[in-house]
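Reader: I would like to go through this model feature by feature. Where should we begin?

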There are 2 protein chains.
Amino acid sequence: MTRTAPLFTKVALIGVGLIGSSLAHAMRRGGLAAHIAGYAPSPETRARAAELGFCHSMHDNPADAARGADLVILCTPVGALESAAQAISSSLKPGAILSDVGSVKTAVIRDVGPVVPEGVHFIPGHPIAGTEHSGPDAGFAELFDGRWCILTPVAGTDETALATLVDFWRGCGSRVEVMDSKHHDLVLAITSHLPHLIAYNIVGTAADLEEVTQSEVIKFSAGGFRDFTRIAASDPVMWRDVFLNNREAVLEVLGRFSEDLSALQRAIRWGDGEMLFDLFTRTRAIRRSIVEAGQDTEAANFGRNAKPNRA
Amino acid sequence: MTRTAPLFTKVALIGVGLIGSSLAHAMRRGGLAAHIAGYAPSPETRARAAELGFCHSMHDNPADAARGADLVILCTPVGALESAAQAISSSLKPGAILSDVGSVKTAVIRDVGPVVPEGVHFIPGHPIAGTEHSGPDAGFAELFDGRWCILTPVAGTDETALATLVDFWRGCGSRVEVMDSKHHDLVLAITSHLPHLIAYNIVGTAADLEEVTQSEVIKFSAGGFRDFTRIAASDPVMWRDVFLNNREAVLEVLGRFSEDLSALQRAIRWGDGEMLFDLFTRTRAIRRSIVEAGQDTEAANFGRNAKPNRA
């Protein structure tokens, strides 16, 4: 989408890791902001972001970055959102939109909501996009292309501000869905949080086996294990915060998962091939639907085989 | 590797699905066989394989395909190996090598071993390579490049025959490791069978949630879930047979996994962020080792982001 005038005069990114830096690249590609101001808590990240140059200005404190911005997006781990919001609240201009990219939404509304000044439109958001890499070098403009961004406005949210934020995400390449924060947290618990939890768990289990060496686990990982290690290489702070802040929904889906796994365990113990075959057939259809919905590639092995790795 | 003379005059493939057809392509690329004979139980697969032409001859019964071959490789699901071996045993020539590509090895030795005629060298094998696609169209020459093939010879195996089979797999692009079948089954239980089991399980759990629609699971799958659906799209018959035939080792590692998952569940319930952070940091290092070992790509998201899918 090419625009004649930018959607915003100034956008501030509080946090310029994978998501923040990708947003900067995507905004530049889409011509969405005349000025992009950035902030990161660590001096190293600020210096590196300045070097990479995806923001027009980098600031040593978040309030300076946010001052006068039409849109401020908090791009920190969920556990740091409240203090980030506190740090900028006095410099937010009336009529500004304040959003975030956190993976949980009910806790964010609980923590950030009370800090937001009168006259600022707080609309929580969550782009369902990412990679296992983190930091300002990991960002790229295409990250949000074709992926979904979920917005979870609270009751009484200004419709114009919401429509503007929807335009913003579409301009970044996203599709946009609006839903209630509680439903978001449950949907993401099954589509993202539980997958990460069990990926982290199996990689831990494999590392701790006494009878199989770590080097064997690594050598023979192409049998399926390697796929889990990608997800289990995601940012530890971000994911710790997700589990601490979406406890209820994660425990709920984890309970279902464990119940189902016990049934599978029993089927294996008693040699119930029919039950195994039925499940394994059913799950194949869901993969097809995901590929048809444009949410994954049809290529075998995610296309990895095109360029085999040789050591 | 280019050869002046083929390693074998005739190789027979009993089964021409993903692995069988990939072996045919790899043998042709490496110049490993003067003649490749193929067999598949279903007339449709035989016809399709004949059309694709990766074998020099396709046969209506396995004994004809195997007759006079220097190397016969059983490429059927593990549950069909015994009857396949029975069907060809009378046509195996003395001095021939009989191998397979099954994902479990102790059960294969138990089932196939007794059927092998005197004078035939039975050496079980397992290439740690595959994709979520199956059938004769799914095969390609590069499947084994840089991956490991594990051979699990029984006591008293002829050293020359073993060396020849090692040469064969190297000629197909593989690296080769030799180990005891029981150890193989445990290593694969953690690096392949358990990952498949929990991938199948989580996809099943997601499909059965009442509060989250199937369409939501599909739309928002890029948060992690989609990766699991690839593995859970693997061939149902093949995987049913794996779990029925590697029961003990799978139940052993599954017990460990469930124990560890309970500890994680407790950490989430009690808000133990330190435990979560420690595990999530540890698992990141294993991903790095797998990439360094050439067993996966370094590219973010397995390189999928290079060409985003748009519906």
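Reader: Which domains does the assignment give for chain A?

Author: The model is predicted. The domain assignment of chain A lists domain 1 (8-179) and domain 2 (183-271). Their centres, taken over C-alpha atoms, are separated by 29 Å.

Reader: How many residues does each domain of chain A bring to the contact?

Author: Domain 1 of chain A supplies 14 residues and domain 2 of chain A supplies 17 residues. On the side of domain 1 of chain A that touches domain 2 of chain A, six residues are nonpolar, six are polar and two are charged.

Reader: What describes two packed helices?

Author: The angle between their axes and the distance between the axes. Here, take helix H12 (residues 273-292) of chain A and helix H10 (residues 236-245) of chain B: their axes come within 9 Å and cross at roughly 140 degrees. The crossing of H12(A) and H10(B) is right-handed.

Reader: Which residues of H12(A) and H10(B) meet?

Author: From H12(A), they include Phe277(A), Phe280(A) and Arg284(A); from H10(B), Trp239(B), Arg240(B) and Phe243(B) are among them. By class, this contact of H12(A) with H10(B) has eight nonpolar, two polar and two charged residues.

Reader: Is Arg46(B) buried, exposed or partly exposed, and why?

Author: The count of C-beta neighbours decides, and 20 or more would make a residue buried. Arg46(B) has 19 inside 10 Å, so it counts as partly exposed. Arg46(B) lies in helix H2 (residues 43-52) of chain B.

Reader: Which residues does Arg46(B) touch, not counting those up to four places away in sequence?

Author: Ala40(B) and Met58(B). Arg46(B) and Met58(B) are twelve residues apart in sequence, with 6.7 Å from C-alpha to C-alpha.

Technical notes: Residues numbered from 1 in each chain as written. Chains lettered and ligands numbered in written order. Predicted model: local features only at pLDDT ≥ 70, side-chain atom pairs only at ≥ 80, totals over all residues. Helix = DSSP H or I, 4+ residues; strand = E, 2+ residues; numbered from the N terminus. Buried ≥ 20, exposed ≤ 12 C-beta atoms within 10 Å, placed from the backbone. Contact = placed C-beta atoms within 7 Å. Axes fitted to C-alpha atoms, helices over the stretch in contact; angles between N-to-C directions. Left-handed = near helix turned anticlockwise from the far one by under 90°. Nonpolar A, V, L, I, M, F, W, Y, C, P; charged D, E, K, R; others polar. Domains from an automatic or database assignment.
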